[in-house]
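Me: Please examine the following chain with me, residue by residue where that helps. I shall ask about one position and then about its surroundings.

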Amino acid sequence: MKKKSELPDCPVATTVGLIGSKWKLLIVRNLLARPWRFNELKNSLDGISQKVLTESLRSMEDDGIITRNEIESAPPKIVEYSLSPLGKTLNPILTAMQDWGNYYKSQM
């Protein structure tokens, strides 16, 4: 997790820095519904590369937004990603984005 001194003064810039990429927002959207495995996420996000997904997940884990859970099993290792309690607080932001996107589409 970043230190307070490493974050921008502007709270909007802080939020954009943490979840502002297209892929991070879509990952959070998926994880709001349930935990997902890596390949499930990759298959659900049309156009994302394995590298970008890995980097995004690691970054969000470092920032405390998601948790990575290794499930005991025989090889291959099963890993699930889910939102942390902090990550779940992003729900109103994504709901507002969904509402605005629907409103925008209705104006066309």
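Me: Is Glu80 buried or exposed, or partly exposed?

Reply: This is a predicted model in which local features need pLDDT of at least 70, side-chain atom pairs count only at pLDDT 80 or more, and totals for chains, interfaces and linings use all residues. Residues are numbered from 1 along each chain as its sequence is written, and side-chain values use heavy atoms, with hydrogens and water left out. Buried means under 20% relative accessible area, exposed over 50%, and partly exposed in between, with a 1.4 Å probe and protein chains only. Because its relative accessibility is 23%, Glu80 counts as partly exposed.

Me: Which element holds Glu80?

Reply: Helices (H or I, at least four residues) and strands (E, at least two) are DSSP runs, numbered from the N terminus. Along the sequence the chain reads α-α-β-α-α-β-β-α-α. Glu80 lies within residues 78-83, which constitute strand 3.

Me: Which residue stands opposite Glu80?

Reply: Strand 1 and strand 3 run antiparallel and are joined by two bridges; two strands pair if DSSP finds at least two bridges between them. The residue opposite Glu80 in strand 3 is Arg37.

Me: In what order do the three strands form the open sheet?

Reply: The pairing in this sheet is antiparallel, and the strand order is 1-3-2. Strand 1 (36-37) and strand 2 (66-71) are the edge strands, each pairing on one side only. The order asked for is thus stated as 1-3-2.

Me: What angle does the direction of helix 2 make with that of strand 3?

Reply: Helix 2 (residues 22-33) packs on the sheet and touches strand 1, strand 2 and strand 3; contact means heavy atoms within 4.5 Å. Axes are lines fitted to C-alpha atoms, for helices over the stretch in contact, and angles run from 0 to 180 degrees between N-to-C directions. The angle between helix 2 and strand 3 is about 95°.

Me: Which residues does Glu80 touch, not counting those up to four places away in sequence?

Reply: With residues up to four places away in sequence not counted, the list includes Thr67, Arg68, Asn69 and Ile71. The other names in the list are Pro35, Trp36 and Arg37.

Me: What separates the C-alpha atoms of Glu80 and Asn39?

Reply: Glu80 and Asn39 are 41 residues apart along the chain. Their C-alpha atoms are separated by 9.8 Å.

Me: What percentage of the residues of the chain count as buried?

Reply: The chain has 108 residues, and its C-alpha trace spans about 50 × 40 × 25 Å along the principal axes. The percentage of residues that count as buried is 28%.
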